[in-house]
Amino acid sequence: MTTHDVATTSPTAATFESLDPRTGSVIGVFADRSAAEVGDIVAEARDAGWWWAALSFSARGRLLAKWRRLILSRFEELATLVAAETGKPIADARIEVVLGVDHLHWAASNARRVLKRRHVAPGILMSNHSATTEYEPYGVIGVIGPWNYPVFTPMGSIAYALAAGNAVVLKPSEYTTAVGKWLVDTFAAAIGGGSDGSPLRLVTGMAAAGAALCAAGVDKVAFTGSQSTGRKVMATCAQRLTPVLMECGGKDALIVVADADLAAAADAAVWGALSNAGQTCVGVERIYVEASVADEFIDLIADQVKRLSVGAHAFADIGPITMPSQVEVIARHVADAVADGARTVVGGNDSVRAPYVEPVVLLDVPEHSNAVREETFGPVIIINRVATVQEAITRTNEDASSLGATVFSRRRGHQIARELKVGMVAINSILPYVAMPALPFGGVGGSGFGRIHGADGLREFARVKSVARKLMPPMLRPTSFTRPHWTVTALARLAKALYRW
Ligand code: NAD
């Protein structure tokens, strides 16, 4: 543990606490790092990054595999910490750890294949050359994470950035700093040699520490969080032209076509909207169902939702809202929807009892209502009946900030997927892209840009370097002042011969 990682035991002006949202008990007390301290941590990461970048892909892969095995050997400890800091049911925390490990494995196993040096065709005009592209690490990547999936979400950047040869400075959410610290500490333990030499470093702190990380001369920032914070991150990074990867929130839709397996669609919709108490960036925030099957679909949803249990007990389906201020947003969205004329199928305004929100099912919420237009991030299901599939597609596309969308249809899934302006589409399945490490993950418009996961996710953390080498004298020598006078004419003739047709 370096001086920068120390979690003190008593709060002072420069510390903050992370709490168990179920009980209010203190999980940890952490230093709120100043801009100067953040700068020092980035400098330490840069120093430690040299040896990491100099390793071969397979040597890095072996060390990342050690980390994976250490995480798995302490699986229950991590899942319990995730459950304590977020409040989510332990089963959900275990799923999250499994997904995080899956991504770590994929990134480490595929980095060489994706990022190794490769030859590209030099083209006819430059056929006397060889050409290669290689993917070099940026240097130090600042990873700024949210609280809703404190293992899975940062791992989508950390594992891929490390596998590509970068050092990483992680700034976890102030709500889930203990989980972030656990990841950084176990990485240092897994690779051996103590944390001083570790290329994965920790910045603890509030919003200002995140802003300081953006301004500290890191070579790229991978941000996951809300759209409003994303704008601030981009503004700070713009000062140094620091590149950014943006993974923000969305208002993802689920479309139920009349030919769908309605039981499967309802089961998926309930999980997609209510797991993790609705606090999922790619969660189902609105549902469009063809009117001809709407009644049956709504009954299936209501039946399942009424059986869910909310609380802190071991078998609860829905835990508390992690971030206290989000309860007000959820309450406002439900109240606005009801005031705008929506019908409550399950729950309603009384369902909000901080820190818990009992699930709410709302029907026919006007599209102008805040509940349809803004990210709710709570256990609220919005079902809007549509006359046609085309209407569902149009409404889905009207919000230009979707990460993903889901379609349930026996015959029209691919056709509808092609028409949706989103980053990811699931057909007859719920959130499959989360658990497919090879599939790029990311949104469009306000939900962000760039991609985590998969080959694209590895390339996000590498700079392309192009190298061209002369192998033999050229037939023509147009780029020299000593060229024969007929050279450019001959070059033009060659181009016409090659490309005129
Ligand atoms: P947030 O934007 O409040 O905070 C995210 C992180 O940014 C935190 O670590 C915070 O301390 C830091 N931060 C705050 N102000 C900052 C600033 N000015 N400069 C730099 N960093 C700053 O988001 P949150 O409430 O932690 O997370 C929930 C949001 O994240 C939701 O909108 C959700 O949809 C989104 N999310 C997106 C994805 C994705 O993959 N696209 C995944 C998970 C969550």
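Which residues of α1 are buried? In this predicted model, the list reads Val38, Ile41, Val42, Ala45, Ala48, Gly49 and Trp52. Since we're already on this helix, let's stay with it for a moment. Helix α1 covers residues 35–54, which makes 20 residues, and at 1.5 Å a residue these should span 28 Å. The end C-alpha atoms turn out to be 29 Å apart, so the expected span and the model agree. The helix does have a bend, though: about 35 degrees, placed at alanine 48. Ala48 also belongs to the buried set of α1.

Now for the strands, beginning with an open sheet. Six strands make it up, in the order β7-β6-β5-β8-β9-β19, and the pairing is mixed. At the edges stand β7 (200–202) and β19 (448–449); each has a single partner strand, so one side of each has no neighbour in the sheet. As a general reminder, strands of a sheet pair through backbone hydrogen bonds, and they can do that in parallel or antiparallel fashion. For β7, the link to look at is with β6 (residues 167–171): the two run parallel and are joined by 3 bridges. If you want a place to put your cursor, try leucine 170, which stands opposite leucine 202 in β7.

Next, follow a run of parallel pairings through β10, β11, β16 and β15. Strand β10 (residues 253–256) is joined to β11 by 4 bridges, with the two running parallel. Here valine 256 has valine 289 of β11 as its bridge partner. From β11 (residues 286–290), another 4 bridges lead to β16, again in parallel, and tyrosine 288 is partnered with asparagine 384 in β16. Strand β15 (residues 360–363) also runs parallel to β16 and is joined to it by 4 bridges. In that pairing, valine 360 has valine 380 of β16 as its bridge partner.

How covered are these strands? For β11, 5 of its 5 residues are buried. Both of its faces are covered: Arg286, Tyr288 and Glu290 are buried on one side, and Ile287 and Val289 are buried on the other. So Tyr288, the bridge partner of asparagine 384, shares its side of the strand with two charged residues, Arg286 and Glu290. β16 is mostly covered as well, with 6 of its 7 residues buried.

β16 also takes us to the empty spaces inside the model. The count of cavities of 30 Å³ or more comes to 3. The second largest holds about 60 Å³ of space, and its lining takes at least two residues each from α9 (262–274) and β16 (380–386). The residues around it are Gly272, Ala273, Gly278, Gly283, Val284, Glu285, Thr376, Phe377, Gly378, Val380 and Ile382. You've met Val380 already, as the bridge partner of valine 360. By class, this lining has 5 nonpolar, 5 polar and 1 charged residues.

The largest cavity has a volume of about 70 Å³. Around it sit Phe152, Thr153, Thr224, Glu247, Cys248, Cys281, Leu403, Phe441 and Ile452. Sorted by class, that gives 6 nonpolar, 2 polar and 1 charged residues.

Then there's the largest pocket, with a volume of about 1000 Å³. It is lined by 41 residues, and those nearest its centre are Gly225, Ser226, Gln227, Ser228 and Thr229. The elements giving two or more residues to this lining are α7 (207–214), β8 (220–224), α8 (227–238) and α11 (324–339). Of these, α8 gives the most, with 6 residues. The lining splits into 15 nonpolar, 16 polar and 10 charged residues.

One last stop is serine 401, in the loop between α13 (389–398) and β17 (404–408). Is this residue buried or exposed? Its relative accessibility is 12%, and the cut-off for buried is under 20%, so serine 401 counts as buried. To place it against another part of the chain, compare serine 325: the two are 76 residues apart along the chain, and their C-alpha atoms are separated by 22 Å.

Conventions. Residues numbered from 1 in each chain as written. Predicted model: local features only at pLDDT ≥ 70, side-chain atom pairs only at ≥ 80, totals over all residues. Heavy atoms only, no water. Expected span 1.5 Å × (residues − 1). Bend = angle between axes of the 7 residues up to and from the residue. Buried < 20%, exposed > 50% of the residue type's maximum accessible area, 1.4 Å probe, protein only. 1 Å grid on protein atoms, 1.4 Å probe; cavity = no way out; pocket = protein on both sides within 12 Å on 5 of 7 lines; lining within 4 Å. Points joined across faces, edges and corners; volume = space filled by probe spheres on them. Pairing = 2+ DSSP bridges.
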